[in-house]
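Got your viewer open? Let's take a short walk and pick out a few things along the way.

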Amino acid sequence: EVLKTIQDGDSDELTIKRFTESREKPGALWHIYAAKDTEKIREFLKKVAEEQGQENPVDHDPIHDQSWYLDRSLRKRLHQEYGVQGWAIVQFLGDVVFIPAGAPHQARPRGTVHNLYSCIKVAEDFVSPEHVKHCFWLTQEFRYLSHTHTNHEDKLQV
């Protein structure tokens with residue numbers, strides 16, 4: 001079942017070999033996208049929500065709400081309609097995954113990744129001098145969310 005999930009997650013052949021041949025234990029499957037594609041992804045998610053008869057309140061955001069999981073068919077559609085393609089990363093036991101500032105990554109309602117086995121997530125926000133400008137932009141995005149939204153606070157404290 002884990003192998004099927006990794007394959008359906010569009011993982012590359014080296015990652016699949018790492019699992020099948022070396023028997024390393026994968027903890028999570030990540031899908032990470034370039035920060036420059038954020039608006040295209042947001043537009044796509046709103047479009048899909050409308051097609052499914054869901055509302056798109058002004059003070060909510062389909063990315064920051066973490067209410068979508070782009071399965072294989074949605075990832076394929078995102079690529080075909082908007083030219084957006086991300087990276088599938090399988091995090092094995094002992095691996096660390098760094099996500100650049102503002103880079104959308106797969107979200108589920110109760111977590112940020114697709115867990116393959118039991119695992120613990122430790123997250124830390126870090127602002128590098130090279131990304132301060134982008135972090136200011138993210139902070140402004142958070143301010144437009146509803147006051148009850150979990151991402152409304154200024155987590156980055158820029």
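Which residue in S2 stands opposite Ile 32? Select Trp 87 and you have the partner of Ile 32. Keep in mind as you click around that this is a predicted model.

Now widen the selection to both strands. S1 covers residues 26-32, and S2 covers residues 87-92. The two pair in the antiparallel sense, with 6 bridges between them. Turn on a surface and look for S1: 7 of its 7 residues are buried, so the strand is largely enclosed by the rest of the structure.

Next stop, helix H3. Select residues 38-51, a run of 14 residues. From first C-alpha to last, H3 reaches 20 Å, close to the 20 Å expected at 1.5 Å a residue. Colour Thr 38, Ile 41, Arg 42, Phe 44, Leu 45, Val 48 and Ala 49, which are the buried ones in H3. Then look down the helix axis: these buried residues fall within an arc of 165°, so they line one face of H3. Before moving on, click Gly 53, just after H3, where phi is positive at about 75°.

Last, show the aromatic side chains. The count comes to 1 aromatic pair. It is Phe 44 with Tyr 82: the ring centres are 5.7 Å apart and the planes sit at 75°, so the pair is edge-to-face. Phe 44 belongs to H3 and Tyr 82 to helix H4 (residues 72-82), so the pair ties together parts that are 38 residues apart in sequence. Are these two rings' residues buried or exposed? Phe 44 is buried at 0% relative accessibility, and Tyr 82 is buried with a relative accessible area of 16%.

Definitions and conventions:
Residues are numbered from 1 along each chain as its sequence is written. This is a predicted model: local features need pLDDT of at least 70, side-chain atom pairs count only at pLDDT 80 or more; totals for chains, interfaces and linings use all residues. Side-chain values use heavy atoms; hydrogens and water are left out. Helices (H or I, at least four residues) and strands (E, at least two) are DSSP runs, numbered from the N terminus. The expected span of a helix is 1.5 Å times one less than its number of residues. Buried means under 20% relative accessible area, exposed over 50%, partly exposed in between (1.4 Å probe, protein chains only). The arc is that of the directions from the helix axis to the C-beta atoms. Rings of Phe, Tyr and Trp (its six-membered ring) pair if their centres lie within 6.5 Å; planes under 30 degrees apart count as stacked, over 60 as edge-to-face and the rest as tilted. Two strands pair if DSSP finds at least two bridges between them.
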